[in-house]
Number of protein chains: 2
Amino acid sequence: MRATVLVRPKAGILDPQGHAVERSLRQLGFAVGEARVGRIIDVDVDAATADEARAEVERMCERLLANPLIESYEIELGTS
Amino acid sequence: MRATVLVRPKAGILDPQGHAVERSLRQLGFAVGEARVGRIIDVDVDAATADEARAEVERMCERLLANPLIESYEIELGTS
């Protein structure tokens, strides 16, 4: 089962990459407000049910994919 | 208007970060197939309509946020 994990810096956490994107967009002439940059991880999980897959991906997030102190994550499950 | 851009390495394009994640997950005991890592960019766009916002964010992708040669992107529009 294909899972997608969206990892974002938590509100209030400094995001230098987001600031750089924001500045560059403005320099290019775009009218933008705040920009924040995170990661997206697509991974094929070996699981029989969606619930099982979600629990497994949650464990992956806690152990490797995200840093829960400074990042929040969302899990989306697809098919295939 | 809040826009979210999902930037992913195109199929067939080498993704060393994805490989590293894949290997690390397996070392931790997770049964996973391929993993791919991309970026997620949340940005507040100054636009009157959703169509206008989408067109503006597409220009941002072509000029800065993605490298269309090796990356694909998806634009999602939220509210606020």
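Select A:Cys61 to begin: at 0% relative accessibility, this residue counts as buried. The model in view is a predicted one. Next, select B:Cys61, which is likewise buried, with a relative accessible area of 0%. With the cysteines displayed, one may ask how many disulfides a search of the whole structure finds. The search returns zero over all chains.

**Helix against helix**

Now display helix H2 of chain A, residues 50–65, together with helix H1 of chain B, residues 16–27. These two helices pack at an angle of about 110°, and their axes are 11 Å apart. H2(A) is therefore roughly perpendicular to H1(B). To inspect the contact itself, show the side chains of A:Met60, A:Leu64 and A:Leu65 on H2(A), which meet B:Val21, B:Ser24 and B:Leu25 on H1(B). The residues of this contact comprise five nonpolar, one polar and no charged.

**B:Val32 and its surroundings**

Move to B:Val32, in strand E2 of chain B, residues 32–45. B:Val32 counts as buried at 8% relative accessibility. Which residues does B:Val32 touch, leaving aside those up to four places away in sequence? From chain A they are A:Val43, A:Asp44 and A:Met60; from chain B they are B:Glu22, B:Leu25 and B:Arg26. A distance drawn from B:Val32 to B:Glu22, C-alpha to C-alpha, comes to 7.1 Å, and the two are 10 residues apart in sequence.

**Salt bridges within H1**

Keep B:Glu22 selected and add B:Arg26: their side chains meet in a salt bridge of 3.4 Å, N to O. Being four residues apart in helix H1 of chain B, the two are separated by about one helical turn. B:Glu22 is buried, with a relative accessible area of 11%, whereas B:Arg26 is partly exposed, at 43%.

Then turn to chain A and select A:Arg26 and A:Glu22, whose side chains form a salt bridge of 3.4 Å, N to O. In helix H1 of chain A, residues 16–27, this pair is four residues apart, or about one helical turn. A:Arg26 is partly exposed at 42% relative accessibility, while A:Glu22 is buried at 11%.

**A salt bridge between strands**

Finally, select A:Glu74 and A:Arg8, which meet through their side chains in a salt bridge of 2.8 Å, N to O. A:Glu74 lies in strand E3 of chain A (residues 71–77) and A:Arg8 in strand E1 of chain A (residues 2–9), so the pair ties together parts that are 66 residues apart in sequence. A:Glu74 is partly exposed, with a relative accessible area of 40%, and A:Arg8 counts as buried at 19%. Over all chains, the count comes to 14 salt bridges.

Technical notes:
Residues numbered from 1 in each chain as written. Chains lettered and ligands numbered in written order. Predicted model: local features only at pLDDT ≥ 70, side-chain atom pairs only at ≥ 80, totals over all residues. Heavy atoms only, no water. Axes fitted to C-alpha atoms, helices over the stretch in contact; angles between N-to-C directions. Parallel < 35°, antiparallel > 145°, perpendicular 65-115°, else oblique. Contact = heavy atoms within 4.5 Å. Nonpolar A, V, L, I, M, F, W, Y, C, P; charged D, E, K, R; others polar. Disulfide = S-S within 2.5 Å. Buried < 20%, exposed > 50% of the residue type's maximum accessible area, 1.4 Å probe, protein only. Salt bridge = Lys/Arg side-chain N within 4 Å of Asp/Glu carboxyl O.
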